[in-house]
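Here's a short tour of one protein structure, going from strands to helices. Have the sequence and the 3D view ready, and follow along piece by piece.

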Amino acid sequence: MTTALVLGGGGITGIAWHLGLLCGLRRAGVDLGTADVIVGTSAGSVVGTLVAAGTDLEKAVALQEEEPPAGRSGRSTGGNAQWMAALSVLVDPAVPAQQGRAQVGAMALAAPNQDEDAYLARMRPLLPVRDWPERDLRLVVVDTADGRDVVLDRRSGAPLLRAVSASCAVPGLMPPVTIDGRRYMDGGIRLGAGADLATGADRLVVIAPLAVLSRDRIADEIAATGAGKTLLVEPDEATLEIFGTNFMDPTRRPASVRAGLRQGAALAEAVAAVWTD
């Protein structure tokens, strides 16, 4: 039986919630880190890499619970405005999906924040490993030139740091990342969770911090896999209130990881029914 764990996007609060949820599940005896396939998109690419590398979840959670330095409250208003403009293109039903992604790619390339080296330097502390884990880890990015979805893995030749950073490169907030001469941006602009990239799995758990924005798309992705047992895990109402409206706000990180721990404990039985029963 093939198991697949899919981790969707969700910014800083999403990373914290993912880690709390996975740790809460493990404390309750359900270890999703045993997955045969791990698919990560945006925030999920960071967490997926940590899980695939065998990172100590208790230590990761403890780091998330630390309060951020005073004065940090997320990205600039201008960057958030650019992201909202990109989102309006992506959700426009009159614009074909790949065409919309290409338009957003042009917007990402035209944004003023094009210092890749500085962005990579900010991302480096998030990853305790430099090389791809010996696991089936699939990270989702989008080509800025034509809007194509691209899946990067250890056979792709992409450096791990660049692959994760590209998957997290939200248009308007971070610069696209260059890999083999092409510029890639956040895989989250697919507006799903990447579950369709786990086709062939028998048991599938999808954890999606932003499911409230794309529940129907995620349902279609899950159906496309043909998996026999599936479960979508998403934030409850209390967690969504903790997230607030700025998914890049580091001041909400400690509360978000604690919300994940709470939900992990509460959902252990339901997850176990899909994962192990």
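## Strand β2, inside and out of sight

This is a predicted model, so treat everything below as a look at a prediction. Start with β2: Val37, Val39 and Thr41 point one way, while Ile38 and Gly40 point the other way, and all of them are buried. If that back-and-forth looks familiar, it should: in a regular strand, side chains alternate between the two faces of the sheet.

How much of β2 (residues 37-41) is buried? It's 5 of the 5 residues, so the strand is largely enclosed by the rest of the structure.

## Who sits beside whom

Now look for β1 (residues 3-7), which runs parallel to β2 and is joined to it by 4 bridges. One spot to find is Ala4, which stands opposite Val37 in β2.

β1 also pairs with β7, again in parallel, through 5 bridges. Here Ala4 turns up once more: its bridge partner in β7 is Leu204. Keep following Leu204 and you'll get to β8 (residues 229-233), where Leu204 stands opposite Thr230. The pairing of β7 with β8 is parallel too and has 5 bridges.

## Strand β7, also covered

Is β7 (residues 203-207) mostly covered or mostly open? Mostly covered, with 5 of its 5 residues buried. Arg203, Val205 and Ile207 point one way from β7, and Leu204 and Val206 go the other way. Even Arg203, a charged residue, is among the buried ones.

## Helices α1 and α2

Time for some helices. α1 (residues 11-27) and α2 (residues 43-52) have axes that come within 8 Å and cross at roughly 35 degrees. The crossing is right-handed.

To see what touches what, pick out Gly11, Gly14, Ile15, His18, Leu19 and Leu22 in α1; they meet Ala43, Gly44, Val46, Val47, Leu50 and Val51 in α2. Sorted by class, this contact has 8 nonpolar residues, 4 polar ones and no charged ones.

## Helices α6 and α7

Which angle do α6 (residues 116-123) and α7 (residues 160-167) make? About 100 degrees, with their axes 10 Å apart. That makes α6 roughly perpendicular to α7, because angles of 65 to 115 degrees count that way.

On the α6 side, Glu116, Tyr119, Leu120 and Met123 do the touching, and they meet Leu161, Arg162, Val164 and Ser165 in α7. The residues of this contact divide into 5 nonpolar, 1 polar and 2 charged.

Definitions and conventions
Residues are numbered from 1 along each chain as its sequence is written. This is a predicted model: local features need pLDDT of at least 70, side-chain atom pairs count only at pLDDT 80 or more; totals for chains, interfaces and linings use all residues. Side-chain values use heavy atoms; hydrogens and water are left out. Axes are lines fitted to C-alpha atoms, for helices over the stretch in contact, and angles run from 0 to 180 degrees between N-to-C directions. Helices (H or I, at least four residues) and strands (E, at least two) are DSSP runs, numbered from the N terminus. Angles under 35 degrees count as roughly parallel, over 145 as roughly antiparallel, 65 to 115 as roughly perpendicular and the rest as oblique. Contact means heavy atoms within 4.5 Å. A crossing is left-handed if the near helix is turned anticlockwise from the far one by less than a right angle, and right-handed if clockwise. Buried means under 20% relative accessible area, exposed over 50%, partly exposed in between (1.4 Å probe, protein chains only). Two strands pair if DSSP finds at least two bridges between them.
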